[in-house]
Amino acid sequence: MKARVLGFTAFFALIASLGTTPQARAAGTFVYCSEGSPSTFNPQIATDGTTFNATRGVYNRLAEFTYGETTIVPGLAESWKVSADGKTYTFKLRKGVKFHSNEAFKATRDFNADDVLFSFNRQLKKDHPYNKVNGGSYEYFDSMEMGKLIKDIKKVDDLTVVFELNTPEAPFLANMAMDFASILSAEYADLLKKEGDEEKIDFEPIGTGPFVFERYQKDQMIRYSAFKEHYRGVAKIEKLVFAITPDPSVRFQKLKAGECHLVTEPAPADLAAMKATRGLKVIDKPGLNVGYLSFNVKKKPFDDVRVRQALGHALNRKAYIDAIYLGNAVVAKNPMPPTIWGYAKGTSDYDYNPEKAKALLKQAGLEKGFDVELWTLPVSRPYNPNGRKMGEMMQADLAKVGVRAKLVTYDWPTYLEKSKNGEHQMLQMGWTGDNGDPDNFLFTLLSCAAADAGANRSFWCDAEFDKLVTQAKRVSARPARSALYEKAQMRFKKEAPWATLAHSVVYRAMSDKVKGFKIDPLGGDYFYEVDLVK
């Protein structure tokens with residue numbers, strides 16, 4: 001189902017009205033040069049940061065993170081209580097929270113417990129009337145085994161909801177602040193079902209967030225307006241426009257020309273020029289991220305650990321850091337960044353050693369090498385700012401050990417869908433943490449449940465690793481959890497389902513008229529607190 005769109009004529013009229021300099025724009029309009037098109041407007045059925053950024057202003061969650069931090073604070077739930085056994089969470093909901101409206105829907109009631117039940121039961125219950133809408137894929141929810149974890153969700157009254165869990169879950173509150181836990185309108189869902197338009201719920205979104213979705217022109221722009229009845233007060237920005245601009249050099253040119261106020265994922269090669277340009281400013285922060293090359297262990301020859309280890313030795317990752325990140329990253333040793341607690345300092349990394357790679361391939365019966373497809377990332381991400389260039393460097397490194405790699409790519413939504421279905425052999429991918437907990441890297445990306453759901457793009461299911469990361473979810477003491485996660489990282493490194501590549505610094509570039517913007521450690525771009533100096 002297509003969302004309401006702004007025609008090309010109207011789109012270019014909008015751009016013209018914004019002018020060529022920030023001073024010429026209509027007051028209160030903020031233009032953000034984003035890097036790609038969202039795959040949907042419902043984060044429950046997405047996994048990519050591009051989609052999350054496009055929906056974070058539309059929705060709220062029961063718990064949320066302090067702006068620019070990983071501290072958990074009340075959101076749509078004003079408070080919560082946890083039972084002594086860690087298996088019952090009682091959320092007291094905020095009173096008087098309003099939902100958005102659009103041309104087809106006018107909210108007649110405030111947010112209440114029915115919306116919480118709808119939002120979670122859609123993902124939880126296979127017989128829910130919305131479970132199969134638009135494909136019925138809830139990759140985050142399933143990868144985290146939320147279906148096994150949640151025993152029941154009960155409405156006590158309009159402003160009280162109880163989550164009953166089958167087992168204790170240490171990161172549960174942090175998970176409730178993640179994008180998949182966004183709250184949708186049950187009243188809107190009922191209207192769409194009555195009209196036979198259920199699919200619209202994921203493309204014409206209704207939420208409680210600070211910005212109301214207005215229009216989407218595929219691969220061109222998204223337009224929002226400030227929600228005047230937002231429970232925390234109206235945003236400082238009156239109109240928010242996402243100008244979809246995949247090429248980072250073009251984003252820089254637009255920023256210099258005053259065609260946008262802020263750009264995401266600036267190219268490392270442009271940072272010096274950005275810093276030297278009058279009227280612009282650049283900010284940075286260490287990222288909770290990892291870039292990696294995923295080996296599909298369901299496809300030969302990657303079912304052989306010796307092949308995976310060989311390619312770990314074949315890749316000159318330090319050269320990638322120098323040429324692609326321009327030093328604004330460090331070589332990744334583990335599948336999670338060293339800035340997160342539980343990081344295993346004692347793991348042994350794969351050094352760049354083509355001769356060792358050749359020896360391992362010979363042991364695996366592949367002395368003459370093999371042919372393979374290498375999928376390259378089609379969008380700029382903090383963990384990989386230039387997938388094509390990295391692919392070319394990888395291709396050259398692999399050729400030195402006899403591996404003949406053909407570079408392949410797709411548009412971002414297709415890339416995600418095809419790789420989720422396991423159509424790849426080798427895949428450039430990466431991750432920015434959602435909640436600052438090791439579970440969000442190790443279980444969400446590498447567990448057996450994640451392999452079944454598709455978030456584990458290596459489709460690696462290792463019993464020893466799985467036992468460790470599952471046990472770590474069940475204990476609450478951080479030292480005990482850290483010890484388990486460290487052992488899990490040791491196992492990961494031995495089995496090598498990925499070649500870990502980089503942990504990068506995150507940058508944002510913007511007009512010096514932008515005030516209040518903070519880099520989110522979890523990778524999001526938020527605009528509720530942002531303002532423009534007149």
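Biologist: Which residues lie nearest the centre of the second largest cavity?

Modeller: This is a predicted model: local features need pLDDT of at least 70, side-chain atom pairs count only at pLDDT 80 or more, and totals for chains, interfaces and linings use all residues. A cavity is a set of points, on a 1 Å grid over the protein atoms alone, where a 1.4 Å probe fits but cannot get out; lining residues have an atom within 4 Å of a point. Here the lining has 13 residues. Nearest the centre are Pro266, Pro268, Pro382, Val505 and Tyr507.

Biologist: What volume does the second largest cavity have?

Modeller: Grid points are joined across faces, edges and corners, and the volume is the space filled by probe spheres set on the points. For the second largest cavity this gives about 120 Å³.

Biologist: Which strand gives the largest share of the lining of the second largest cavity?

Modeller: Residues are numbered from 1 along each chain as its sequence is written, and side-chain values use heavy atoms, with hydrogens and water left out. Helices (H or I, at least four residues) and strands (E, at least two) are DSSP runs, numbered from the N terminus. One strand, spanning residues 498-511, brings four residues to this lining. That strand is β18.

Biologist: How many cavities of 30 Å³ or more does the whole structure have, and how much space lies in the largest?

Modeller: The search covers the whole structure and finds four. The largest holds about 250 Å³.

Biologist: Which element gives the most to the lining of the largest cavity?

Modeller: Of the 23 lining residues, Thr47, Asp48, Gly49, Gly430 and Trp431 are closest to the centre. Two or more residues come from each of α2 (49-55), α4 (139-143), α14 (412-420) and β17 (426-432). The top contribution is four residues, from β17.

Biologist: How many residues of the lining of the largest cavity are nonpolar?

Modeller: Ala, Val, Leu, Ile, Met, Phe, Trp, Tyr, Cys and Pro count as nonpolar, Asp, Glu, Lys and Arg as charged, and the others, Gly among them, as polar. Six lining residues are polar and six charged. The nonpolar ones number eleven.

Biologist: Which residues touch the most other members of the largest nonpolar core?

Modeller: A nonpolar core is a set of buried (under 20% relative accessible area, 1.4 Å probe, protein chains only) Ala, Val, Leu, Ile, Met, Phe, Trp, Tyr and Cys residues joined through side-chain atoms within 4.5 Å. The largest has 114 residues; helix α3 (residues 113-124) gives the largest share, six. Touching the most other members are Leu62 and Phe163.

Biologist: Which residue does a cis peptide bond join to Lys300?

Modeller: Omega is about 0° at this bond. The partner is in the loop between β13 (289-295) and α10 (305-314). That partner is Pro301.

Biologist: What is the phi of Asp219?

Modeller: Asp219 lies in the loop between β8 (211-217) and β9 (221-226). Asp219 is partly exposed (from 20% to 50%), at 42% relative accessible area. Its phi is positive, though Asp219 is not a glycine: near 65°.

Biologist: Which are the edge strands of the sheet β4-β5-β7-β6?

Modeller: This open sheet has four strands in antiparallel pairing. Two strands pair if DSSP finds at least two bridges between them; β6 and β7 (residues 160-165) share six. An edge strand pairs on one side only. These are β4 (77-82) and β6 (150-157).

Note on methods:
On a 1 Å grid over the protein atoms alone, a cavity is a set of points where a 1.4 Å probe fits but cannot get out, and a pocket is an open set with protein on both sides within 12 Å along at least five of seven lines; lining residues have an atom within 4 Å of a point.
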